[in-house]
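Good morning, and thank you for joining this session. I would like to take you through one model, moving from its pockets to its helix packing and then to its backbone.

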Amino acid sequence: MNILLLGSGGREHALAWKINQSDAIGKFYIAPGNAGTAEIGDNIDINISDFKAIKSIVINKSIDIVIVGPEQPLVDGIGDYFLNDKILNKIPVIGPTKGGAMLEGSKDFAKDFMVRNKIPTAKYESFTKPSLEEGKKFLEKLSPPYVLKADGLAAGKGVLIIDDLNEAKDSLEKMLNGKFGSASSKVVVEEFLKGIELSVFVITDGKSYKILPEAKDYKRIGEGDTGLNTGGMGAVSPVPFADKEFLAKVEERIIKPTIEGLIKEKIKYKGFIFFGLIKVNEDPYVIEYNVRMGDPEAEVVVPRIKTDLVDLLKHTANNTLQEAVIEYDDRTCTTVMLVSKGYPGNYQKGKTIRNVEKVEDSILFHAGTRLSESDIVTNGGRVIAISSFGNNMQEALAKSYKNANIIKFEGKNYRNDIGFDLK
Ligand SMILES: Nc1ncnc2c1ncn2[C@@H]1O[C@H](COP(=O)(O)OP(=O)(O)O)[C@@H](O)[C@H]1O
Ligand SMILES: [Mg+2]
(Lines give C-alpha, C1' and ligand atoms only; values in the text may rest on other atoms or scores of the structure.)
(Ligands and ions follow the chains in the order given, each with its own letter.)
Protein backbone atom coordinates (compact mmCIF):
# COMPACT_ATOMS: atom_id res chain seq x y z
CA MET A 1 0.00 0.00 0.00
CA ASN A 2 1.09 3.57 -0.70
CA ILE A 3 1.53 5.68 2.40
CA LEU A 4 1.63 9.42 3.04
CA LEU A 5 3.02 10.58 6.39
CA LEU A 6 2.60 14.24 7.35
CA GLY A 7 5.19 16.10 9.43
CA SER A 8 8.89 16.85 9.61
CA GLY A 9 10.19 16.11 13.10
CA GLY A 10 11.86 13.34 15.06
CA ARG A 11 8.46 11.78 15.71
CA GLU A 12 7.83 11.49 11.99
CA HIS A 13 11.29 10.07 11.31
CA ALA A 14 10.68 7.46 14.04
CA LEU A 15 7.27 6.55 12.55
CA ALA A 16 8.78 6.44 9.04
CA TRP A 17 11.64 4.21 10.23
CA LYS A 18 9.16 1.76 11.73
CA ILE A 19 6.69 1.89 8.82
CA ASN A 20 9.57 1.18 6.45
CA GLN A 21 10.21 -2.16 8.18
CA SER A 22 6.84 -3.46 7.01
CA ASP A 23 6.46 -5.73 3.99
CA ALA A 24 3.10 -4.14 3.28
CA ILE A 25 4.38 -0.84 1.96
CA GLY A 26 4.51 0.19 -1.66
CA LYS A 27 5.48 3.80 -2.27
CA PHE A 28 6.20 5.88 0.81
CA TYR A 29 5.95 9.67 0.89
CA ILE A 30 6.71 12.05 3.75
CA ALA A 31 5.51 15.64 3.58
CA PRO A 32 7.48 17.76 4.13
CA GLY A 33 9.90 15.36 5.92
CA ASN A 34 13.55 16.04 6.74
CA ALA A 35 17.01 14.76 5.77
CA GLY A 36 16.37 11.56 7.75
CA THR A 37 13.05 10.69 6.14
CA ALA A 38 14.59 11.42 2.71
CA GLU A 39 16.65 8.24 3.14
CA ILE A 40 13.51 6.19 3.73
CA GLY A 41 10.93 7.50 1.27
CA ASP A 42 10.26 10.47 -0.98
CA ASN A 43 9.94 13.83 0.73
CA ILE A 44 7.35 16.17 -0.76
CA ASP A 45 7.80 19.81 0.13
CA ILE A 46 4.36 21.15 0.98
CA ASN A 47 2.78 23.08 3.83
CA ILE A 48 0.72 20.54 5.76
CA SER A 49 -1.92 23.15 6.58
CA ASP A 50 -2.66 23.22 2.84
CA PHE A 51 -5.31 20.49 2.60
CA LYS A 52 -5.77 21.03 -1.15
CA ALA A 53 -2.08 20.28 -1.72
CA ILE A 54 -2.48 17.13 0.39
CA LYS A 55 -5.51 16.14 -1.68
CA SER A 56 -3.52 16.39 -4.94
CA ILE A 57 -0.76 14.22 -3.51
CA VAL A 58 -3.29 11.61 -2.36
CA ILE A 59 -4.84 11.51 -5.83
CA ASN A 60 -1.67 11.81 -7.93
CA LYS A 61 0.33 9.30 -5.94
CA SER A 62 -2.54 6.85 -5.37
CA ILE A 63 -2.17 7.04 -1.60
CA ASP A 64 -3.96 4.31 0.39
CA ILE A 65 -3.54 5.70 3.89
CA VAL A 66 -2.56 9.05 5.44
CA ILE A 67 -0.81 9.27 8.82
CA VAL A 68 -0.86 12.63 10.53
CA GLY A 69 2.16 13.30 12.77
CA PRO A 70 1.55 16.71 14.42
CA GLU A 71 -1.54 18.22 16.03
CA GLN A 72 -2.13 21.36 13.97
CA PRO A 73 -3.68 19.75 10.85
CA LEU A 74 -5.85 17.59 13.13
CA VAL A 75 -7.11 20.56 15.12
CA ASP A 76 -7.66 22.34 11.78
CA GLY A 77 -9.90 19.47 10.68
CA ILE A 78 -7.96 17.37 8.20
CA GLY A 79 -9.95 14.30 9.31
CA ASP A 80 -13.26 15.98 8.44
CA TYR A 81 -11.82 17.38 5.20
CA PHE A 82 -11.20 13.81 4.06
CA LEU A 83 -14.56 12.47 5.29
CA ASN A 84 -16.48 15.27 3.56
CA ASP A 85 -14.73 14.91 0.21
CA LYS A 86 -16.26 12.58 -2.40
CA ILE A 87 -12.88 11.25 -3.52
CA LEU A 88 -10.96 11.38 -0.26
CA ASN A 89 -13.57 9.78 1.96
CA LYS A 90 -12.39 6.32 0.91
CA ILE A 91 -8.87 7.06 2.12
CA PRO A 92 -8.34 6.41 5.83
CA VAL A 93 -6.65 9.07 7.92
CA ILE A 94 -4.78 8.04 11.07
CA GLY A 95 -5.71 10.93 13.32
CA PRO A 96 -9.02 12.05 14.84
CA THR A 97 -11.70 14.26 13.35
CA LYS A 98 -11.94 17.85 14.58
CA GLY A 99 -14.31 16.79 17.36
CA GLY A 100 -11.70 14.37 18.71
CA ALA A 101 -8.82 16.77 18.14
CA MET A 102 -10.59 19.17 20.54
CA LEU A 103 -9.15 16.98 23.31
CA GLU A 104 -5.88 18.74 22.50
CA GLY A 105 -7.18 21.85 20.73
CA SER A 106 -9.20 23.06 23.72
CA LYS A 107 -8.08 22.46 27.29
CA ASP A 108 -11.52 23.53 28.51
CA PHE A 109 -13.17 20.91 26.28
CA ALA A 110 -10.72 18.26 27.49
CA LYS A 111 -11.35 19.08 31.17
CA ASP A 112 -15.10 19.05 30.65
CA PHE A 113 -14.82 15.70 28.80
CA MET A 114 -12.88 14.26 31.76
CA VAL A 115 -15.44 15.49 34.28
CA ARG A 116 -18.34 14.14 32.16
CA ASN A 117 -16.61 10.77 31.93
CA LYS A 118 -15.39 10.67 35.55
CA ILE A 119 -11.72 10.61 34.58
CA PRO A 120 -9.40 11.76 37.40
CA THR A 121 -7.92 15.22 36.76
CA ALA A 122 -7.12 18.37 38.75
CA LYS A 123 -10.18 20.36 39.76
CA TYR A 124 -10.66 23.44 37.61
CA GLU A 125 -12.83 26.26 36.29
CA SER A 126 -12.64 28.13 33.01
CA PHE A 127 -12.92 31.89 32.53
CA THR A 128 -13.31 34.42 29.73
CA LYS A 129 -12.93 38.20 29.82
CA PRO A 130 -16.45 38.84 31.19
CA SER A 131 -15.80 36.40 34.06
CA LEU A 132 -12.37 37.79 35.04
CA GLU A 133 -13.54 38.80 38.53
CA GLU A 134 -14.96 35.32 39.18
CA GLY A 135 -11.62 33.94 37.99
CA LYS A 136 -9.79 36.04 40.58
CA LYS A 137 -12.17 34.80 43.29
CA PHE A 138 -11.59 31.20 42.21
CA LEU A 139 -7.83 31.75 42.48
CA GLU A 140 -8.35 32.97 46.07
CA LYS A 141 -9.95 29.63 46.92
CA LEU A 142 -6.99 27.62 45.61
CA SER A 143 -3.65 27.14 47.34
CA PRO A 144 -0.40 28.05 45.58
CA PRO A 145 1.14 27.40 43.18
CA TYR A 146 -1.56 28.48 40.71
CA VAL A 147 -1.91 26.80 37.31
CA LEU A 148 -3.21 28.95 34.43
CA LYS A 149 -3.68 27.38 31.01
CA ALA A 150 -4.49 29.03 27.70
CA ASP A 151 -7.43 27.08 26.30
CA GLY A 152 -6.16 26.82 22.71
CA LEU A 153 -2.96 25.54 21.06
CA ALA A 154 0.02 27.59 22.21
CA ALA A 155 2.99 25.48 21.05
CA GLY A 156 3.74 24.28 24.58
CA LYS A 157 4.03 27.83 25.95
CA GLY A 158 0.48 28.45 27.14
CA VAL A 159 0.72 27.13 30.71
CA LEU A 160 1.86 29.36 33.58
CA ILE A 161 2.60 28.08 37.08
CA ILE A 162 2.74 30.95 39.53
CA ASP A 163 3.49 31.04 43.27
CA ASP A 164 2.09 34.44 44.18
CA LEU A 165 -1.67 35.05 44.28
CA ASN A 166 -1.56 38.65 43.06
CA GLU A 167 0.78 37.73 40.26
CA ALA A 168 -1.57 34.90 39.29
CA LYS A 169 -4.54 37.31 39.19
CA ASP A 170 -2.52 39.69 37.08
CA SER A 171 -1.48 36.92 34.69
CA LEU A 172 -5.06 35.72 34.35
CA GLU A 173 -6.04 39.23 33.30
CA LYS A 174 -3.14 39.48 30.83
CA MET A 175 -3.98 36.08 29.33
CA LEU A 176 -7.62 37.03 28.85
CA ASN A 177 -6.43 40.26 27.24
CA GLY A 178 -4.54 38.35 24.58
CA LYS A 179 -1.15 37.37 26.06
CA PHE A 180 -1.29 34.20 23.92
CA GLY A 181 -3.51 35.69 21.22
CA SER A 182 -6.86 34.01 20.71
CA ALA A 183 -5.50 30.83 22.39
CA SER A 184 -5.96 32.55 25.77
CA SER A 185 -9.34 34.20 25.20
CA LYS A 186 -10.46 31.42 27.51
CA VAL A 187 -8.26 30.30 30.42
CA VAL A 188 -8.44 27.12 32.49
CA VAL A 189 -7.47 27.72 36.12
CA GLU A 190 -6.70 24.52 37.96
CA GLU A 191 -5.51 23.01 41.17
CA PHE A 192 -1.79 22.18 41.27
CA LEU A 193 -1.07 18.46 41.57
CA LYS A 194 2.17 17.37 43.17
CA GLY A 195 3.69 14.24 41.74
CA ILE A 196 5.82 12.79 38.97
CA GLU A 197 4.79 12.96 35.30
CA LEU A 198 4.78 10.31 32.60
CA SER A 199 2.98 9.65 29.34
CA VAL A 200 0.94 6.67 28.24
CA PHE A 201 -0.07 6.12 24.62
CA VAL A 202 -2.75 4.12 22.89
CA ILE A 203 -3.78 3.54 19.33
CA THR A 204 -7.53 3.29 18.82
CA ASP A 205 -9.90 2.56 15.96
CA GLY A 206 -12.65 4.37 17.85
CA LYS A 207 -14.02 1.35 19.69
CA SER A 208 -11.09 -0.81 20.70
CA TYR A 209 -7.54 0.19 21.70
CA LYS A 210 -4.02 -1.14 22.14
CA ILE A 211 -1.71 0.27 24.79
CA LEU A 212 1.76 1.24 23.57
CA PRO A 213 4.85 1.46 25.80
CA GLU A 214 4.82 4.38 28.27
CA ALA A 215 7.52 7.06 28.43
CA LYS A 216 8.89 9.92 30.47
CA ASP A 217 10.23 13.01 28.72
CA TYR A 218 12.47 15.88 29.83
CA LYS A 219 11.07 19.25 28.80
CA ARG A 220 13.38 21.82 30.40
CA ILE A 221 16.51 23.03 28.64
CA GLY A 222 18.69 22.83 31.75
CA GLU A 223 20.03 19.91 33.73
CA GLY A 224 18.08 19.00 36.86
CA ASP A 225 14.88 20.15 35.07
CA THR A 226 15.75 23.85 35.18
CA GLY A 227 15.39 26.75 32.76
CA LEU A 228 13.00 27.29 29.89
CA ASN A 229 10.60 24.74 28.46
CA THR A 230 11.53 23.11 25.15
CA GLY A 231 9.77 20.68 22.84
CA GLY A 232 11.64 17.95 24.73
CA MET A 233 15.33 17.21 25.37
CA GLY A 234 15.16 13.45 25.83
CA ALA A 235 12.99 10.54 26.90
CA VAL A 236 13.04 7.12 28.49
CA SER A 237 10.83 4.03 28.08
CA PRO A 238 9.78 2.04 30.07
CA VAL A 239 9.23 4.24 33.11
CA PRO A 240 10.46 2.38 36.23
CA PHE A 241 7.86 3.82 38.62
CA ALA A 242 4.99 2.86 36.30
CA ASP A 243 4.68 -0.68 37.59
CA LYS A 244 1.97 -3.20 36.63
CA GLU A 245 -0.34 -2.10 39.39
CA PHE A 246 -0.09 1.57 38.48
CA LEU A 247 -0.57 0.89 34.75
CA ALA A 248 -3.63 -1.22 35.56
CA LYS A 249 -5.11 1.83 37.33
CA VAL A 250 -4.29 3.95 34.28
CA GLU A 251 -6.16 1.52 32.05
CA GLU A 252 -9.23 1.15 34.31
CA ARG A 253 -9.60 4.75 35.46
CA ILE A 254 -8.35 6.66 32.43
CA ILE A 255 -7.95 4.75 29.17
CA LYS A 256 -11.21 2.77 29.26
CA PRO A 257 -13.44 5.70 30.27
CA THR A 258 -11.77 7.87 27.62
CA ILE A 259 -12.53 5.40 24.82
CA GLU A 260 -16.03 4.79 26.19
CA GLY A 261 -16.52 8.57 26.37
CA LEU A 262 -15.55 8.96 22.72
CA ILE A 263 -18.03 6.25 21.74
CA LYS A 264 -20.82 7.65 23.93
CA GLU A 265 -20.28 11.18 22.64
CA LYS A 266 -20.11 9.95 19.02
CA ILE A 267 -16.67 11.42 18.44
CA LYS A 268 -14.97 9.76 15.47
CA TYR A 269 -11.46 8.88 16.50
CA LYS A 270 -8.89 6.76 14.73
CA GLY A 271 -5.34 7.28 15.77
CA PHE A 272 -3.02 7.83 18.67
CA ILE A 273 -4.06 9.21 22.05
CA PHE A 274 -1.35 10.61 24.29
CA PHE A 275 -2.29 10.66 27.97
CA GLY A 276 -0.14 13.19 29.83
CA LEU A 277 -0.33 11.83 33.36
CA ILE A 278 0.86 12.67 36.83
CA LYS A 279 1.30 10.08 39.56
CA VAL A 280 0.11 11.54 42.86
CA ASN A 281 1.03 9.14 45.65
CA GLU A 282 0.01 5.89 43.92
CA ASP A 283 -2.79 7.30 41.77
CA PRO A 284 -2.82 8.54 38.16
CA TYR A 285 -4.42 11.86 37.12
CA VAL A 286 -4.65 13.32 33.63
CA ILE A 287 -2.73 16.56 33.08
CA GLU A 288 -3.66 16.74 29.40
CA TYR A 289 -4.55 14.82 26.28
CA ASN A 290 -2.66 15.07 23.02
CA VAL A 291 -4.19 13.63 19.89
CA ARG A 292 -0.99 12.31 18.33
CA MET A 293 2.26 10.70 19.41
CA GLY A 294 4.66 12.77 21.49
CA ASP A 295 8.01 14.07 20.34
CA PRO A 296 10.56 12.93 21.64
CA GLU A 297 8.42 10.18 23.24
CA ALA A 298 7.88 8.58 19.81
CA GLU A 299 11.64 8.20 19.51
CA VAL A 300 11.64 5.75 22.46
CA VAL A 301 8.12 4.29 22.18
CA VAL A 302 8.10 3.42 18.47
CA PRO A 303 11.39 1.45 18.56
CA ARG A 304 9.94 -0.67 21.38
CA ILE A 305 6.94 -1.76 19.29
CA LYS A 306 7.81 -5.17 17.85
CA THR A 307 4.54 -5.58 15.94
CA ASP A 308 4.35 -4.48 12.30
CA LEU A 309 3.13 -0.87 12.57
CA VAL A 310 1.50 -0.82 9.13
CA ASP A 311 -0.49 -3.85 10.19
CA LEU A 312 -1.66 -2.01 13.32
CA LEU A 313 -2.56 1.04 11.25
CA LYS A 314 -4.52 -1.11 8.77
CA HIS A 315 -6.47 -2.63 11.65
CA THR A 316 -7.09 0.90 12.94
CA ALA A 317 -8.39 2.01 9.54
CA ASN A 318 -10.60 -1.08 9.17
CA ASN A 319 -12.06 -1.03 12.71
CA THR A 320 -10.49 -4.40 13.48
CA LEU A 321 -7.94 -3.34 16.06
CA GLN A 322 -9.50 -5.74 18.55
CA GLU A 323 -8.07 -8.62 16.48
CA ALA A 324 -4.54 -7.23 16.50
CA VAL A 325 -1.86 -8.46 18.88
CA ILE A 326 0.76 -5.99 20.00
CA GLU A 327 4.19 -6.96 21.28
CA TYR A 328 6.85 -4.79 22.87
CA ASP A 329 10.59 -5.04 23.22
CA ASP A 330 11.30 -5.47 26.95
CA ARG A 331 14.57 -3.61 26.80
CA THR A 332 14.93 0.04 27.79
CA CYS A 333 15.06 2.66 25.06
CA THR A 334 16.43 6.14 25.73
CA THR A 335 16.79 9.18 23.52
CA VAL A 336 18.98 12.25 23.86
CA MET A 337 18.14 15.30 21.76
CA LEU A 338 20.92 17.34 20.21
CA VAL A 339 19.79 20.96 19.95
CA SER A 340 21.10 24.22 18.46
CA LYS A 341 22.91 26.76 20.61
CA GLY A 342 20.39 29.32 21.89
CA TYR A 343 17.37 27.01 21.66
CA PRO A 344 14.58 27.38 22.90
CA GLY A 345 15.39 31.05 22.25
CA ASN A 346 16.93 32.31 19.01
CA TYR A 347 19.31 29.98 17.21
CA GLN A 348 21.02 29.71 13.85
CA LYS A 349 20.25 27.15 11.16
CA GLY A 350 22.31 25.72 8.32
CA LYS A 351 25.23 24.33 10.38
CA THR A 352 26.86 21.28 8.77
CA ILE A 353 26.32 18.07 10.75
CA ARG A 354 29.32 15.75 10.75
CA ASN A 355 30.07 12.13 11.73
CA VAL A 356 26.57 10.77 11.31
CA GLU A 357 28.15 7.81 9.47
CA LYS A 358 30.36 7.05 12.51
CA VAL A 359 27.38 6.33 14.77
CA GLU A 360 27.09 2.72 15.96
CA ASP A 361 24.69 1.14 18.47
CA SER A 362 22.11 3.94 18.24
CA ILE A 363 19.30 4.91 15.91
CA LEU A 364 19.36 8.51 14.73
CA PHE A 365 16.03 10.23 14.31
CA HIS A 366 16.37 13.55 12.54
CA ALA A 367 14.28 16.30 14.11
CA GLY A 368 15.39 19.53 12.43
CA THR A 369 17.68 18.76 9.50
CA ARG A 370 17.70 19.23 5.77
CA LEU A 371 19.90 18.26 2.87
CA SER A 372 22.04 21.00 1.38
CA GLU A 373 23.81 19.59 -1.66
CA SER A 374 25.64 16.57 -0.23
CA ASP A 375 25.63 17.85 3.37
CA ILE A 376 23.13 17.37 6.15
CA VAL A 377 22.63 20.72 7.87
CA THR A 378 20.72 21.88 10.95
CA ASN A 379 17.26 23.23 10.23
CA GLY A 380 15.65 23.67 13.64
CA GLY A 381 16.14 24.09 17.37
CA ARG A 382 15.91 20.37 17.98
CA VAL A 383 18.27 18.73 15.50
CA ILE A 384 18.73 14.96 16.01
CA ALA A 385 17.41 12.49 18.58
CA ILE A 386 19.83 9.69 19.44
CA SER A 387 17.87 6.61 20.50
CA SER A 388 19.49 3.51 21.98
CA PHE A 389 18.51 0.22 23.52
CA GLY A 390 19.98 -1.31 26.65
CA ASN A 391 19.22 -3.97 29.22
CA ASN A 392 18.73 -1.08 31.63
CA MET A 393 18.55 2.70 31.45
CA GLN A 394 22.25 3.22 32.18
CA GLU A 395 23.29 0.91 29.36
CA ALA A 396 20.98 2.58 26.87
CA LEU A 397 22.01 6.08 27.94
CA ALA A 398 25.72 5.23 27.67
CA LYS A 399 25.20 4.47 23.97
CA SER A 400 23.13 7.62 23.37
CA TYR A 401 25.78 9.76 25.09
CA LYS A 402 28.70 8.12 23.29
CA ASN A 403 27.09 9.08 19.99
CA ALA A 404 25.96 12.51 21.23
CA ASN A 405 29.67 13.18 21.63
CA ILE A 406 30.62 11.77 18.21
CA ILE A 407 28.14 13.81 16.17
CA LYS A 408 29.45 17.33 15.58
CA PHE A 409 27.88 20.60 14.52
CA GLU A 410 28.60 24.18 15.50
CA GLY A 411 26.67 25.13 18.64
CA LYS A 412 25.64 21.57 19.55
CA ASN A 413 23.98 21.37 22.96
CA TYR A 414 22.31 18.56 24.89
CA ARG A 415 21.30 17.59 28.40
CA ASN A 416 23.72 15.24 30.10
CA ASP A 417 21.24 14.03 32.72
CA ILE A 418 18.33 12.37 30.92
CA GLY A 419 16.74 9.90 33.35
CA PHE A 420 18.43 11.57 36.36
CA ASP A 421 15.31 11.25 38.52
CA LEU A 422 14.71 7.57 37.73
CA LYS A 423 16.33 4.48 39.11
N1 LIG B 1 -2.65 20.73 37.46
C2 LIG B 1 -1.32 20.71 37.36
N3 LIG B 1 -0.56 20.44 38.43
C4 LIG B 1 0.79 20.45 38.37
N5 LIG B 1 1.47 20.69 37.24
C6 LIG B 1 0.77 20.96 36.11
C7 LIG B 1 -0.66 20.97 36.11
N8 LIG B 1 -1.07 21.23 34.86
C9 LIG B 1 0.05 21.39 34.12
N10 LIG B 1 1.15 21.23 34.86
C11 LIG B 1 2.55 21.33 34.40
O12 LIG B 1 2.60 22.13 33.24
C13 LIG B 1 3.05 21.37 32.12
C14 LIG B 1 2.31 21.82 30.87
O15 LIG B 1 0.93 21.60 31.01
P16 LIG B 1 0.09 20.84 29.90
O17 LIG B 1 -1.32 20.79 30.33
O18 LIG B 1 0.78 19.55 29.59
O19 LIG B 1 0.17 21.85 28.70
P20 LIG B 1 0.98 21.92 27.32
O21 LIG B 1 1.74 20.63 27.15
O22 LIG B 1 -0.10 22.10 26.32
O23 LIG B 1 1.83 23.12 27.46
C24 LIG B 1 2.79 19.93 32.51
O25 LIG B 1 3.65 19.05 31.85
C26 LIG B 1 3.06 19.97 34.01
O27 LIG B 1 4.45 19.93 34.29
MG1 LIG C 1 2.07 18.86 28.00
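**Pocket, cavity and packing**

In the second largest pocket, α4 provides the largest share of the lining, with three residues. Please keep in mind throughout that this is a predicted model. Helix α4 covers residues 78-83, and both α4 and α9 supply at least two residues each to the lining of this pocket. The space in the second largest pocket comes to about 370 Å³. Its lining consists of 24 residues, and those nearest the centre of the pocket are Leu-83, Thr-97, Lys-268, Tyr-269 and Lys-270. Sorted by class, the lining of the second largest pocket holds 12 nonpolar, six polar and six charged residues.

Let me turn from the pocket to enclosed space. Rolling a probe the size of a water molecule over the atoms reveals where empty space remains. How many cavities of 30 Å³ or more does the structure hold? There is one, and the volume of the largest cavity is about 70 Å³. Which elements each supply at least two residues of its lining? They are α5, at 98-105, α6, at 107-116, and β16, at 283-290. Helix α6 gives the largest share, four residues. Among the residues that line the largest cavity are Leu-103, Glu-104, Lys-107, Ala-110, Met-114, Ile-287 and Tyr-289. Lys-149 and Glu-190 also belong to that lining. By class, the lining of this cavity divides into five nonpolar, one polar and six charged residues.

Two of those elements, α5 and α6, also pack against each other, at an angle of about 100 degrees and with their axes 6 Å apart. Angles of 65 to 115 degrees count as roughly perpendicular, and therefore α5 is described as roughly perpendicular to α6. On the α5 side of the contact are Gly-99, Met-102, Leu-103 and Gly-105, and they meet Lys-107, Phe-109, Ala-110 and Phe-113 of α6. The contact of α5 with α6 has five nonpolar, two polar and one charged residues. Leu-103, Lys-107 and Ala-110 appear both in this contact and in the lining of the largest cavity.

A second helix pair is formed by α1, residues 10-19, and α11, residues 309-317; their axes come within 8 Å and cross at roughly 100 degrees. The crossing angle therefore makes α1 roughly perpendicular to α11. Here Leu-15, Lys-18 and Ile-19 of α1 meet Leu-309, Val-310 and Leu-313 of α11. By class, this contact has five nonpolar residues, no polar residues and one charged residue.

I now come to the backbone. Most residues other than glycine have a negative phi, and most peptide bonds are trans. Where are the cis peptide bonds that I wish to point out? One runs from Ala-31 to Pro-32, with omega near -5 degrees, and Pro-32 lies in strand β2, residues 28-32. Another runs from Ser-237 to Pro-238, with omega near 0 degrees. Pro-238 sits in the loop between β14 (234-237) and α9 (244-264). Lys-118 is not a glycine, yet it has a positive phi of about 55 degrees. Lys-118 is found in the loop between α6 and β6, the latter at 124-128.

Finally, the domains. The domain assignment of the chain gives domain 1 as 3-96 and domain 2 as 124-190. Taken over C-alpha atoms, the centres of domain 1 and domain 2 are separated by 36 Å.

Definitions and conventions:
Residues are numbered from 1 along each chain as its sequence is written. Chains are lettered from A and ligands numbered from 1 in the order in which they are written. This is a predicted model: local features need pLDDT of at least 70, side-chain atom pairs count only at pLDDT 80 or more; totals for chains, interfaces and linings use all residues. Side-chain values use heavy atoms; hydrogens and water are left out. On a 1 Å grid over the protein atoms alone, a cavity is a set of points where a 1.4 Å probe fits but cannot get out, and a pocket is an open set with protein on both sides within 12 Å along at least five of seven lines; lining residues have an atom within 4 Å of a point. Grid points are joined across faces, edges and corners, and a volume is the space filled by probe spheres set on the points. Ala, Val, Leu, Ile, Met, Phe, Trp, Tyr, Cys and Pro count as nonpolar, Asp, Glu, Lys and Arg as charged, and the others, Gly among them, as polar. Axes are lines fitted to C-alpha atoms, for helices over the stretch in contact, and angles run from 0 to 180 degrees between N-to-C directions. Angles under 35 degrees count as roughly parallel, over 145 as roughly antiparallel, 65 to 115 as roughly perpendicular and the rest as oblique. Contact means heavy atoms within 4.5 Å. Domain bounds come from an automatic or database domain assignment.
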